[in-house]
Amino acid sequence: MLDANPLDLEEKQVDNRPMTLTSWDGTKTLPVDLKLAASASPFIERIAKYDEDATDLRVPQLHPAALPKVVDYIQHRPDSKAPLILAAADMQNVNSFDAKFMDACASEHQLYAVIMAAHVLEMAALETLALAKLACEIKDKSLRDVAAT
């Protein structure tokens, strides 16, 4: 139902219908709890409120490598606020789930995909965490070394 007035979206509640997130290329699809997803992502919340019939959300720039990480983060940290990380050294001060979550990024490629997905989905906590992880990985490298990866 696409006839919702955008001004009325503030008052609408997100229902608990089944929802799947699909990578940009359609190769990977995972189910997600819509209420949890909407609480973690303002982007998903707006879609859920605007289109009450939506059951599948194909997200532009959501790489298949990032989709499982995004869904995992939504399930474990739905209402998380962005951690205050002022320097790469502060990564030692994040909670244990966040630390293990970021350590489980299989490759730099997956880390970059998670950063892009978090940005597109407006998941500030995940974006901050992933960017801090990237900063830790490149902090002692020269520009030439970073470009080579």
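This is a dialogue on reading a sheet, a core and one loop residue in a predicted model.

Q: How are the strands of a sheet held to each other, and which strands pair here?
A: Strands in a sheet are paired by hydrogen bonds of the backbone, and the pairing is parallel or antiparallel. In this model, strand E1 (residues 18-22) and strand E2 (residues 29-33) run antiparallel and are joined by 5 bridges. E1 is also joined to strand E3 (residues 56-58), by 3 bridges, and these two run parallel.

Q: In what order do the strands of the sheet lie?
A: The order is E2-E1-E3, in an open sheet of 3 strands with mixed pairing. E2 and E3 are the edge strands, since each pairs on one side only. On average, neighbouring strands of the sheet are turned by 30° against each other, with direction ignored.

Q: Which residues of E2 and E3 are the bridge partners of leucine 21?
A: In E2 the partner is leucine 30. In E3 the partner of leucine 21 is leucine 57. Elsewhere, methionine 19 stands opposite valine 32 in E2.

Q: What lies between E1 and E2 in sequence?
A: The two strands form a hairpin, with 6 residues between them. Glycine 26, in the turn, has a positive phi of about 80°.

Q: Which helix lies across E1 and E2?
A: Helix H3 does, and it runs at about 10° to E2.

Q: Where do nonpolar side chains tend to be, and how many residues are in the largest nonpolar core here?
A: In soluble globular proteins, such side chains tend to be buried together. The largest nonpolar core of this model has 38 residues. Leu21, Ile44, Val59, Val70, Ile74, Met123 and Leu126 have the most contacts inside it. Among the elements that give two or more residues to this core are E1, H3 and helix H6 (124-138). Helix H5 gives the most, with 7 residues.

Q: What does leucine 21 touch, leaving out residues up to four places away in sequence?
A: The residues it touches include Leu30 and Leu57, the bridge partners named above. Ile44, Val59 and Ile74 are also among them.

Q: Is arginine 77 buried or exposed?
A: Arginine 77 counts as buried, because its relative accessibility is 19% and the cut-off for buried is under 20%.

Q: Where is arginine 77, and what is it in contact with?
A: Arginine 77 is in the loop between helix H3 (67-76) and helix H4 (96-103). Leaving aside neighbours within four places in sequence, arginine 77 is in contact with Asn95, Phe97 and Asp98.

Terms used:
Residues numbered from 1 in each chain as written. Predicted model: local features only at pLDDT ≥ 70, side-chain atom pairs only at ≥ 80, totals over all residues. Heavy atoms only, no water. Helix = DSSP H or I, 4+ residues; strand = E, 2+ residues; numbered from the N terminus. Buried < 20%, exposed > 50% of the residue type's maximum accessible area, 1.4 Å probe, protein only. Contact = heavy atoms within 4.5 Å. Pairing = 2+ DSSP bridges. Axes fitted to C-alpha atoms, helices over the stretch in contact; angles between N-to-C directions. Core = buried A, V, L, I, M, F, W, Y, C linked by side-chain atoms within 4.5 Å.
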